Amino acid sequence: MNNMKPETDPRPVDHGFNALSKLAYQEAGLVLAPSKSAMIQSRLRHRLKVLGIGNILDYCQYVSSHEGKSEKVEMISALTTNVSSFFREPHHFDFLKEELLDTFLERVEHGEPIRLWSAGCSNGQEPYSLAILLTKHSEKFTKENCKILATDIDKKVLRFAQEGRYEEGQIGGLAETDLHQFFKIEKSISGTKNFAVIDKIKDLVTFKPLNLIEKWPMKGSFDVIFCRNVIIYFDAITQDQLWPRFHNILKDDGIFFVGHSERINSDKFSSAGATAYRKMEENKTQINFSPEETV
């Protein structure tokens, strides 16, 4: 007879990280890898100090309370990575320039507006890159006929993006001519430079907070969606729920861009290039919008 007891996992149970993982998934669909526990808890250390809370478990209880409701913004900001650059993954912008912009220009010349969505826009470099690309292609792309919606779950980075002011270390990917044409160069007292996006570019972009796993309030459909380096935060179940929603809000033959390490696992899209996908079929009535409609 075998009297041996079943083996148990010798690793201590991290109740704080477990609680944080459940809360992050519940609030934003974020999946926190146990291997990154130390890094994630390090990111939250400042918040614990500010609030006078001793550990992650108590922090999660506070965030879940009515009193700590506003702290959810800080928690999500700490858990997500907001690293970006202008014209990141340039092959996507080359695709737009070579495959779509001439068609878009013909449409606006015939009075048909275009819409683009930067989902998970982080510090704003992506939507501003789109606005710069369109403006360089033709001055006929204006705020009256071209709308770029930029959304992110992190309200802190949205405020930064909306201001449109970048330090020298944040302007990677921009050509020197773009800096002089589309930015105002400001010098601080200390001699450092800031680069402020000009109004003509800012006017093409509308920033809005949005949690992708919640209801989407947008009206109408989009010609292009950029959702890059966002899906990797979600598990397979959440991704499978998002693909049909992205599909439904894309126009016929609309293009969907994902990050270099991401793939769309859905028969609703076909490959259009490197991490670029085309909508396969339309299963809902397309909704038009007027130039006055808010994105």
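Is Cys-121 buried or exposed? Cys-121 is buried, because its relative accessible area comes to just 1%. Keep in mind that this is a predicted model.

**The cysteines**

If you're wondering about disulfides, the structure holds 0 of them. For Cys-121, the closest cysteine sulfur sits in Cys-227, and at 11 Å that is too far for a bond. A disulfide would need the two sulfur atoms within 2.5 Å, so the pair doesn't make the cut. Seen from the other end, Cys-227 is in no disulfide either, with the sulfur of Cys-121 as its nearest cysteine sulfur. Cys-227 is also buried, since its relative accessible area is 0%.

Here are the accessibility figures for three residues that come up in this report:

| Residue | Relative accessible area | Class |
|---|---|---|
| Cys-121 | 1% | buried |
| Cys-227 | 0% | buried |
| Val-31 | 41% | partly exposed |

**A patch on the surface**

Val-31 belongs to a nonpolar patch on the surface, which it makes together with Tyr-25 and Ile-237. The patch covers about 270 Å². Where does Val-31 sit in the fold? Look in the loop between helix 1 (15-28) and helix 2 (37-51). Val-31 counts as partly exposed because its relative accessibility is 41%, and buried would mean under 20%, exposed over 50%.

**The sheet**

Now for the strands. An open sheet is built from 3 strands in the order 3-5-4, with antiparallel pairing. Strand 3 and strand 4 are the edges, each pairing on one side only. From one strand to the next, the twist averages 30°. As a general point, strands of a sheet pair through backbone hydrogen bonds, in either a parallel or an antiparallel way.

Take the strand 3 side to begin with. Strand 3 (residues 165-167) and strand 5 (residues 193-197) run antiparallel and are joined by 3 bridges. Glu-167 has Asn-194 of strand 5 as its bridge partner, while Tyr-166 stands opposite Phe-195 in strand 5.

On to strand 4 (residues 183-187), which runs antiparallel to strand 5 and is joined to it by 5 bridges. Which residue in strand 5 is the bridge partner of Glu-186? That's Asn-194, a residue that is also the bridge partner of Glu-167. Strand 4 and strand 5 form a hairpin, with 5 residues between them. In the turn of that hairpin you'll find Gly-191, which has a positive phi of about 100°.

Key:
Residues numbered from 1 in each chain as written. Predicted model: local features only at pLDDT ≥ 70, side-chain atom pairs only at ≥ 80, totals over all residues. Heavy atoms only, no water. Patch = residues over 30% accessible without salt bridge, like charges linked within 9 Å, V, L, I, M, F, W, Y side chains within 5 Å. Areas by Shrake-Rupley, 256 points an atom, 1.4 Å probe, with all protein chains shown as cover. Salt bridge = Lys/Arg side-chain N within 4 Å of Asp/Glu carboxyl O. Helix = DSSP H or I, 4+ residues; strand = E, 2+ residues; numbered from the N terminus. Buried < 20%, exposed > 50% of the residue type's maximum accessible area, 1.4 Å probe, protein only. Pairing = 2+ DSSP bridges. Axes fitted to C-alpha atoms, helices over the stretch in contact; angles between N-to-C directions.
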